[in-house]
Amino acid sequence: MFEQPGFGKRLRQLRKRQGVSQVDLTGPGMSAAYLSRLESGDRRPTERAVLYLTQRLGVSVDAFEDRPEDSLIDIVAAVSAIPERELDAETGKLLADALKAAGDADSMARWHALTQLAQVHEVLGDFAEERTVLDQLGALSEELGRPALQFRARIRLARCARNLGDVKAARQAVREAIALSERHNLRISVTDLLRSELLLVSAEAELGDLAEAARLSEKVCASLPAVSGPLAAEAFWTAATVSTRQGNHVRAAEHLARALPAIDSRDDLMLWIRLRLAAASLSLQATPPQLDAAESYLASAQPALELIGTARHQQEMLFLQAKLAFHQGRLDQAQAFVTAGAEGRSLLLYRDQIRLDVLKGLLAIRAGDPDAFDGLKALAAQVQSANMPDLAAEVWRTVAEGAQ
């Protein structure tokens, strides 16, 4: 007889490796509730249950024996084949359990498992937990003493720190990564190097050094090996973002006009969706807001987003729909979008979380809430203390407009 919780962990691993859901395993003699309790370790498996599961999974009884290191390698291989949109909390638990059980496993297997676990947390929008994992990844990279791994760990940390709003840490991490690449003459692809520079552009812009961000952005655009493809799309998109923050909306539109056709939906549908959401966001930030363009971008992205979009993309869509409705004077609909996305606020990047809170404040002012204006002023002070002057100025402008 197998013992718990080991049996439940192994069952979950076998099921996930085969891409089988709990529903797929239920049937006569195996209820969903009983299967769930087996996987959680709350119930010991009977001989009949084990026989049933071996038949449904097509494995031998020995497959339920717990082999921590083998399990970690197997799980890393299985998770690598899962599309990003299908990564979920269960996948994260699977990786975390395997890492915990295989404490003395091969260091490279642990490195890949930590990388995958960080990606799961990023997809789920749990950036705080992602940073905890990335701290472990960074320590392991230092322990291995391999500059290429240190480079990749720092780049992931920089992206996570930016998402959390810790932009100084993001800039420091990406600068260290670029320095590692130059010092050790690493064999880093042109694509990865340019993407690291785009990450630095983002950090410089967030910290208010828009001139430096624009310089670096133009440098990357001029260094592109091609004017089409994912890298080109991301480079022109980043350049459009910087131009928007500089208030140069004509230049931003020029960059967007190069970014949008750079990638075909048949080649990378996820990036194609992200570009349309970004274009809608930049259109709403223009002065005055380009409402027709924003509405068109969102409408074009909606069908594809419903097909393959992640929860994070769905949250971005709700936020942008709320902003669009507000600018169009459809306040009730704007409030409905805000309410629909209330539970998913943490999925948004820090900048968009703040913008969502600003929108909530404006809606509250329009609804006659006497405390809403003071709430917006407190929010502006909070952003200013986070060393994000560009975003702070944006919030203060909103406060000033709200006072009129």
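User: Why is E176 called partly exposed in this predicted model?

Analyst: The relative accessible area of E176 is 32%. Buried means under 20%, and exposed means over 50%. The value for E176 lies in between, so E176 counts as partly exposed.

User: What makes the contact between E176 and R154 a salt bridge?

Analyst: Their side chains meet at 3.0 Å, N to O. The cut-off is within 4 Å, so the pair qualifies. E176 sits in helix α10 and R154 in helix α9, 22 residues apart. The pair links distant parts of the chain.

User: Why is α10 called roughly antiparallel to α11?

Analyst: The axes of α10 and α11 cross at roughly 150°. Angles over 145 degrees count as roughly antiparallel, so the label fits. The axes come within 9 Å, and the crossing is left-handed. Among the residues in contact are V174 and I178 of α10 and L199 and L200 of α11.

User: How do you know whether D352 and R355 are buried or exposed?

Analyst: Buried means under 20%. D352 has 16% relative accessibility, so D352 is buried. R355 has 7%, so R355 is buried too. Both lie in helix α19, three residues apart, about one turn of the helix. Their side chains meet in a salt bridge at 3.6 Å, N to O.

User: What makes R266 exposed?

Analyst: Its relative accessible area is 74%. Exposed means over 50%, so R266 qualifies. Its salt-bridge partner D264 is partly exposed, at 28%.

Key. Residues are numbered from 1 along each chain as its sequence is written. This is a predicted model: local features need pLDDT of at least 70, side-chain atom pairs count only at pLDDT 80 or more; totals for chains, interfaces and linings use all residues. Side-chain values use heavy atoms; hydrogens and water are left out. Axes are lines fitted to C-alpha atoms, for helices over the stretch in contact, and angles run from 0 to 180 degrees between N-to-C directions. Helices (H or I, at least four residues) and strands (E, at least two) are DSSP runs, numbered from the N terminus. Angles under 35 degrees count as roughly parallel, over 145 as roughly antiparallel, 65 to 115 as roughly perpendicular and the rest as oblique. A crossing is left-handed if the near helix is turned anticlockwise from the far one by less than a right angle, and right-handed if clockwise. Contact means heavy atoms within 4.5 Å. Buried means under 20% relative accessible area, exposed over 50%, partly exposed in between (1.4 Å probe, protein chains only).
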